[in-house]
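This report describes a protein–DNA model for a computational chemist. The sequence and structure come first, followed by the contacts with DNA, the aromatic pairs and two helical elements.

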There are 2 protein chains.
Amino acid sequence: MELQLQIKMNEKLFVRNPEQTELGRKIIQFSIQLIQENGFESFTFKKLAEEIGSTEAGIYRYFENKHRLLIYLTAWYWSWLEFRVTFHLNNISDPNIKLKKLIQLLAANVVDDDSTMYVNESLLHQIIIAEGSKAYLTKHVSEDNKDRLFKPYKDLCSLIAGIILEYNSNYTHPRSLASTIIEMAHLQVFFMHNLPSLTDFGESKNEQLVVEYIEDLVFCSIRNHTSRRD
Amino acid sequence: MELQLQIKMNEKLFVRNPEQTELGRKIIQFSIQLIQENGFESFTFKKLAEEIGSTEAGIYRYFENKHRLLIYLTAWYWSWLEFRVTFHLNNISDPNIKLKKLIQLLAANVVDDDSTMYVNESLLHQIIIAEGSKAYLTKHVSEDNKDRLFKPYKDLCSLIAGIILEYNSNYTHPRSLASTIIEMAHLQVFFMHNLPSLTDFGESKNEQLVVEYIEDLVFCSIRNHTSRRD
DNA sequence: TTTTAAATGATAGTATTACTATTTCATTTA
DNA sequence: TAAATGAAATAGTAATACTATCATTTAAAA
C-alpha cells in the first residue's frame with residue numbers, strides 16, 4: 001500500500017499553490033535544501049531560482065516573499081507533525097504513554113518518511129529547529145495570526161494541552177506547558193549542538209537526553225499538581 | 001549617591017567601542033529605539049544614521065553589521081541582568097526565595113533604571129523578547145560562540161544553574177532548566193501578547209501570570225526530584 | 001481538433017540594502 | 001609647525017527584493 005499524504009494548506013500562505021505544479025513542488029523541495037544548508041538569512045529567491053533552473057520572477061508567482069515561504073514551510077511541518085502525532089497516539093488511552101510518545105516525536109531526530117516525495121522531513125525538521133521561531137518573531141505577527149497562518153502550530157499546541165488535561169485535569173497551565181514542550185524540544189536540541197554549555201547534554205549530541213529532560217520536567221510538573229497555590 | 005554603571009564588553013562585539021564617544025552612545029540609544037519600534041528586519045544602518053544625524057559609514061566604524069549590533073545589545077542586556085540579579089539576590093541565603101526573585105526579574109516588565117542614560121532598559125527588554133534569539137539562530141553561531149560573544153548569556157545561565165543546585169543538589173538538569181527558565185520567561189510573554197492561544201494567560205496581558213507559571217514549573221520539578229529515573 | 005486559458009521563461013528595470021573606498025577636515029602629538 | 005592620527009562626508013558598487021512586460025509552451029475545455 002502506498003499512500004500519498006496531502007496536507008491542505010491555508011490559501012493565504014501562498015500566491016499560487018505550490019503543490020499543484022512541478023515548479024511549485026521544486027520550489028518547496030529546493031528551498032528546504034537551500035535554507036537548511038546556508039540558513040534563512042543567506043537564502044534568496046535568486047539563488048533558489050538558479051538551483052531550480054527557473055527565474056526569480058517565477059518564484060514570486062508562488063510566494064510573496066521569502067518570509068511567507070518560511071511560514072509556509074513551518075505551517076506544513078506543524079500540520080505534518082500533528083498528523084504524525086495523531087497517527088502514533090491512535091488507540092492509546094493512557095495519557096502517560098501518550099505524552100511520552102509525543103515528546104519523543106517532537107525532540108527526536110526525524111527520518112525522511114517518503115510520505116511526500118518533494119518534502120524531506122528530516123531537513124525540514126532541522127529548519128524548524130534553527131529558523132522556525134523567525135516565522136512568528138516579527139512586527140507583523142498579529143496580522144499574520146489574523147490570517148490564520150499559525151493555525152497548524154496552535155492546533156498542535158491544543159492537542160498537546162488536551163492530553164495534559166487528560167493526565168491531570170487539575171493542571172492549571174496546559175497550553176503554556178504545551179508550547180513550552182514544543183519550543184524546548186527544539187531549542188534544547190539546538191543548544192546541545194551549538195551552545196552546549198546552556199544544556200546538560202554536553203557534547204553527547206544525543207537527542208534522547210533532551211527527551212529525558214523534557215519528560216522529567218513535564219511529568220514532575222503535572223504529576224504533583226493540584227490547583228492550590230503555594 | 002549617583003553611580004554610573006559601566007559594563008565591560010567583549011572587544012570582538014564591536015569595531016570601535018561605542019561607549020567611548022558621543023556618536024557611539026547615540027548609536028546604542030537610537031538603535032534600541034528603532035529596533036523596538038519597527039523590528040530588527042526593517043532596521044538598517046541608513047535609517048539609524050538619518051535618525052542620529054550621521055552617515056551610514058559612520059555607523060560601520062562602530063559595528064561590522066546590524067547583526068553584530070544585535071549581538072552587542074543582547075550581550076549588554078544579559079550582563080546588565082546578571083548584575084541586577086546578583087544585586088537583588090545579595091545576602092539572601094534561601095535558594096527558594098532566590099529562585100522566585102530571579103524568575104520575577106526575568107519575566108516581569110523592566111522599568112528603565114537610569115543606571116545608564118543612553119540605554120533604555122525597558123525598551124531593550126522588549127527587544128530581547130522579540131529579537132533576542134535571532135542573535136544566536138544563525139549559521140555562524142559556533143564561530144560567534146568561539147569569539148565568546150554569548151558569554152554573558154552563558155554566565156547568567158550558570159548563575160541560575162548554581163542556584164538550582166543549591167535548592168536541590170540532586171537535580172539532574174540544572175543548566176537545561178536554567179536556559180528553559182530564561183527562554184520561557186521571554187517567550188511566554190511574547191506569546192501572551194501576540195499569540196495568546198499558545199498560553200493560558202488569555203488576554204490578561206499580565207506578566208505576573210507568566211511568573212506564576214514558571215515558578216510552578218520550576219519548583220514542581222526541582223522539589224520532587226531525586227536522581228532516580230522512572 | 002481547435003480554441004483558449006493558464007503557466008512558464010526570458011528580459012529588463014527600480015528601489016533599497018549592505019557595504020567599501022577615498023577624500024576632507026579636525027585634533028593631537030612630536 | 002609638521003607629522004600623525006582619527007572622525008566624518010562623499011561617492012561609489014554589488015547584491016537584494018521586488019515588479020512589469022511579453023513571448024512561448026503546456027494543458028484544459030469546447
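## Surface near DNA strand D

Which helix gives the most to the surface near DNA strand D? Helix 3 (residues 56–60) of chain A does, with 3 residues; helices are DSSP runs of H or I with at least four residues, and they are numbered from the N terminus. This is a predicted model, in which local features need pLDDT of at least 70 and side-chain atom pairs count only at pLDDT 80 or more, while totals for chains, interfaces and linings use all residues. Residues are numbered from 1 along each chain as its sequence is written, chains are lettered from A and ligands numbered from 1 in the order in which they are written, and side-chain values use heavy atoms, without hydrogens and water.

DNA strand D is surrounded by 13 residues, the closest being Y60(A), N65(A), R16(B), L23(B) and R61(B); a residue is near a strand if one of its heavy atoms lies within 4 Å of it. Of the strand D atoms that come within 4 Å of the protein, 48% belong to sugar and phosphate. A polar side-chain atom of R16(B) is 2.5 Å from a phosphate oxygen of the strand, and for T55(B) an N or O atom of the side chain is 3.4 Å from a phosphate oxygen. E56(A) instead has a side-chain N or O atom 3.1 Å from a base nitrogen of strand D.

## Surface near DNA strand C

Around DNA strand C there are 13 residues, with S54(A), R61(A), Y62(A), E56(B) and Y60(B) the closest. Sugar and phosphate make up 47% of the strand C atoms within 4 Å of the protein. Helix 3 (residues 56–60) of chain B gives the most to this surface, with 3 residues.

Phosphate oxygens of strand C lie 3.3 Å from a side-chain N or O atom of R16(A) and 3.5 Å from a polar side-chain atom of T21(A). A polar side-chain atom of E56(B) is 3.0 Å from a base nitrogen of strand C.

## Aromatic pairs

Over all chains, the whole structure holds 34 aromatic pairs; rings of Phe, Tyr and Trp (its six-membered ring) pair if their centres lie within 6.5 Å, and planes under 30 degrees apart count as stacked, over 60 as edge-to-face and the rest as tilted. W76(A) and W80(A) are stacked, 6.4 Å centre to centre with 15° between the planes. Both lie in helix 4 (residues 66–89) of chain A, 4 residues apart, about one turn of the helix. W76(A) is buried because its relative accessibility is 3%; buried means under 20% relative accessible area, with a 1.4 Å probe and protein chains only. W80(A), at 1%, is buried as well.

W78(A) and Y153(A) form an edge-to-face pair, 4.9 Å centre to centre and 85° between the planes. This pair links distant parts of the chain, 75 residues apart, with W78(A) in helix 4 and Y153(A) in helix 8 (residues 151–167) of chain A. One aromatic cluster is formed by W76(A), Y77(A), W78(A), W80(A), Y136(A), Y153(A), F190(B) and F191(B).

## Buried positions in chain B

S31(B) lies in helix 1 (residues 22–38) of chain B and counts as buried because its relative accessibility is 0%. A polar atom of the S31(B) side chain is 2.8 Å from the backbone oxygen of I27(B).

The buried residues of helix 8 of chain B include P152(B), Y153(B), L156(B) and C157(B).

Note on methods:
Helix = DSSP H or I, 4+ residues; strand = E, 2+ residues; numbered from the N terminus. Buried < 20%, exposed > 50% of the residue type's maximum accessible area, 1.4 Å probe, protein only. Polar contact = N/O pair within 3.5 Å; in protein donor to acceptor, adjacent residues only side chain to side chain.
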